[in-house]
Amino acid sequence: MSDAETDFYYVGQFDIIEAKPARKNDNYGKERDITKFQMKMHHAVREDLLRYLQSNIKKEDVKAG
């Protein structure tokens, strides 16, 4: 089994505002290094697409973020 993300949605170009190191447990409970970042989109994401993407966020991801 892999921890690789399988879904990818291109929503446009962006600039990275902030990047910082973090840690997250993988599927096996082992803590892994990741990078969390904030970005600013060059153009706003369509409202319907943004709602769709937000509806697929797991509650655990929101609590951890």
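Does M39 count as buried, exposed or partly exposed, and what is its relative accessibility? In this predicted model, M39 counts as partly exposed because its relative accessibility is 42%, a value that falls between the limit of under 20% for buried residues and that of over 50% for exposed ones.

## The nonpolar surface patch

M39 lies in strand β2, and together with F14, I16 and F37 this methionine forms a nonpolar patch on the surface, the accessible area of the four residues together being about 400 Å². The elements that contribute two or more residues to the nonpolar patch are β1, which covers residues 14-25, and β2, which covers residues 31-41.

The two phenylalanines of the patch can also be described one by one. F14 counts as partly exposed, with a relative accessibility of 35%, and F37 likewise counts as partly exposed, with a relative accessibility of 46%.

## Aromatic pairs

How many aromatic pairs does the structure hold? There are 2 aromatic pairs in the structure. In one of them, the ring centres of Y9 and Y52 are 6.1 Å apart and the ring planes stand at 80 degrees, so the pair is edge-to-face; the cut-off for this class is an angle of over 60 degrees. Because Y9 lies in the segment before β1 while Y52 belongs to helix α1 (residues 47-55), this pair ties together parts that are 43 residues apart in sequence. Y9 counts as partly exposed at 40% relative accessibility, and Y52 is partly exposed as well, with a relative accessible area of 41%.

The rings of F14 and F37, two residues already met in the surface patch, have centres 6.2 Å apart and planes at 15 degrees, so the pair is stacked, given that planes under 30 degrees apart fall into that class. This pair, too, links distant parts of the chain, with F14 in strand β1 and F37 in strand β2, 23 residues apart.

## The loop between the strands

Where is D26 found, and is this residue buried or exposed? D26 is found in the loop between β1 and β2, and at 11% relative accessibility this aspartate counts as buried, since the limit for that class is under 20%.

The side chain of D26 makes a polar contact with the side chain of R32, at 3.0 Å. The loop that holds D26 thus sits between β1 and β2, the two strands that supply the residues of the stacked pair F14 and F37.

How values were computed. Residues numbered from 1 in each chain as written. Predicted model: local features only at pLDDT ≥ 70, side-chain atom pairs only at ≥ 80, totals over all residues. Heavy atoms only, no water. Patch = residues over 30% accessible without salt bridge, like charges linked within 9 Å, V, L, I, M, F, W, Y side chains within 5 Å. Areas by Shrake-Rupley, 256 points an atom, 1.4 Å probe, with all protein chains shown as cover. Salt bridge = Lys/Arg side-chain N within 4 Å of Asp/Glu carboxyl O. Helix = DSSP H or I, 4+ residues; strand = E, 2+ residues; numbered from the N terminus. Buried < 20%, exposed > 50% of the residue type's maximum accessible area, 1.4 Å probe, protein only. Phe/Tyr/Trp six-rings, centres within 6.5 Å; stacked < 30°, edge-to-face > 60°. Polar contact = N/O pair within 3.5 Å; in protein donor to acceptor, adjacent residues only side chain to side chain.
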